[in-house]
Amino acid sequence: MINFNGNIAQEDSNILTQNRAFLYGDGVFETVKIVSGKILFLEDHYFRLMASMRVVRMMIPMNFTMEYFEEQILNLVKEQGISSSARARITVFRNDGGLYLPKTNEISFLIKASALENTSYALNSNEYEVDLYKDFYVTKQLLSSLKTTNKMIHITGSIYAHENDLANCILLNDSKNVVEALQGNIFMVTGNKLVTPPVSEGALNGIMRKQILALAKKIEGIEISEEIISPFDLQKADELFLTNVIMGIQPITKYRKKEFTTNLAHLLVQKLNESISEN
């Protein structure tokens with residue numbers, strides 16, 4: 001038996017009692033964007049999910065192919081009537097059983113989808129102020145680069161941002177260097193140089209991060225670098241922006257007392273939409 005919110009009930013009446021993603025954060029996930037019945041950056045999402053499952057020793061079913069992954073997501077958004085523009089999250093978790101040591105490495109998955117307003121990426125030009133979140137730090141290890149269901153730093157950071165009227169917060173690693181933002185990777189523009197922290201610093205191996213690096217390499221006069229960024233470097237930058245697959249690119253307009261331009265962000269959004277329409 002269990003006590004759920006003050007009521008005694010049978011254990012099997014609540015599906016969370018043995019769910020390992022709930023009990024231990026034993027899960028990984030992908031959030032994808034669907035436009036006109038197509039999953040954007042499908043291969044990148046699928047192979048990142050497979051890599052994450054291998055890292056945490058989950059058993060990948062034989063039928064869990066990229067075609068199966070695509071079919072399951074698209075069937076759901078089609079059933080909901082939102083195939084024109086939607087976001088979907090697939091969470092993969094180890095099956096019930098065991099304590100820290102699982103009884104099995106077999107998995108189950110859950111997909112949830114919701115509609116989005118816009119089909120193409122658009123730059124949000126509203127004020128977007130950020131600051132550092134220093135209560136907790138991201139560790140420089142492989143697990144930090146995965147999308148797992150343990151996101152407590154991002155949760156507490158989001159609460160801190162809300163309490164301080166910030167649009168977002170920048171996370172630091174255990175060396176006090178910039179890693180990412182709460183909802184995406186971070187890029188810094190200084191002169192003609194575009195910089196983002198390397199994954200080895202603890203940054204998420206972001207799908208949109210990969211697209212932006214590839215697009216920027218094709219822009220004449222732009223130097224691309226993956227290197228360590230200190231908090232002090234941010235205040236010397238000309239431009240800062242965040243990336244993820246749902247919003248695309250989000251310019252940062254203010255960090256502490258410094259305000260920033262959005263020139264490269266505008267150009268990259270244009271290039272991003274062009275690349276999607278060509279594929």
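Welcome to the tour: select helices α2 and α5, and you will see that they cross in a right-handed way. Keep in mind as you look around that this is a predicted model.

**Stop 1: α2 against α5**

Colour residues 42–55 for α2 and residues 207–216 for α5; the two helices pack at an angle of about 130°, with 10 Å between their axes. Angles that are neither roughly parallel, roughly antiparallel nor roughly perpendicular count as oblique, and α2 and α5 are therefore oblique to each other. Now show side chains. On the α2 side pick D44, H45 and R48, and on the α5 side pick I207, K210 and Q211, which they meet. Colour this contact by class and you will find three charged residues, two polar and one nonpolar.

**Stop 2: α2 against α3**

Stay with α2 and add helix α3, residues 66–80; here the packing angle is about 110° and the axes lie 10 Å apart. Angles of 65 to 115 degrees count as roughly perpendicular, so that is how α2 and α3 stand to each other. Select L42, E43, H45, Y46 and L49 on α2, then M66, F69 and E70 on α3, to light up the contact. By class, five of these residues are nonpolar, two charged and one polar. You may recognise H45: this residue of α2 also takes part in the contact with α5.

**Stop 3: α5 against α7**

Go back to α5 and bring in helix α7, residues 263–278. The axes of this pair come within 10 Å and cross at roughly 100°, which makes α5 roughly perpendicular to α7. To see who meets whom, choose M208, I212, L215 and A216 from α5 together with L268, K271, L272 and S275 from α7. This contact has six nonpolar residues, one polar and one charged.

**Stop 4: the largest pocket**

Finally, turn on a surface and look for the largest pocket, with a volume of about 690 Å³. Which residues are closest to its centre? Select F29, K147, K151, L182 and Q183, out of 35 that line the pocket. Next, which elements each supply at least two residues of the lining? Highlight the strands β3 (27–35), β5 (85–94), β9 (178–181) and β13 (239–244), plus the helices α2, α4 (152–163) and α5. Pause on α4, since four lining residues come from there, the largest share. To finish, colour the lining by class: 15 residues are polar, 13 nonpolar and seven charged.

Definitions and conventions
Residues numbered from 1 in each chain as written. Predicted model: local features only at pLDDT ≥ 70, side-chain atom pairs only at ≥ 80, totals over all residues. Heavy atoms only, no water. Axes fitted to C-alpha atoms, helices over the stretch in contact; angles between N-to-C directions. Parallel < 35°, antiparallel > 145°, perpendicular 65-115°, else oblique. Left-handed = near helix turned anticlockwise from the far one by under 90°. Contact = heavy atoms within 4.5 Å. Nonpolar A, V, L, I, M, F, W, Y, C, P; charged D, E, K, R; others polar. 1 Å grid on protein atoms, 1.4 Å probe; cavity = no way out; pocket = protein on both sides within 12 Å on 5 of 7 lines; lining within 4 Å. Points joined across faces, edges and corners; volume = space filled by probe spheres on them.
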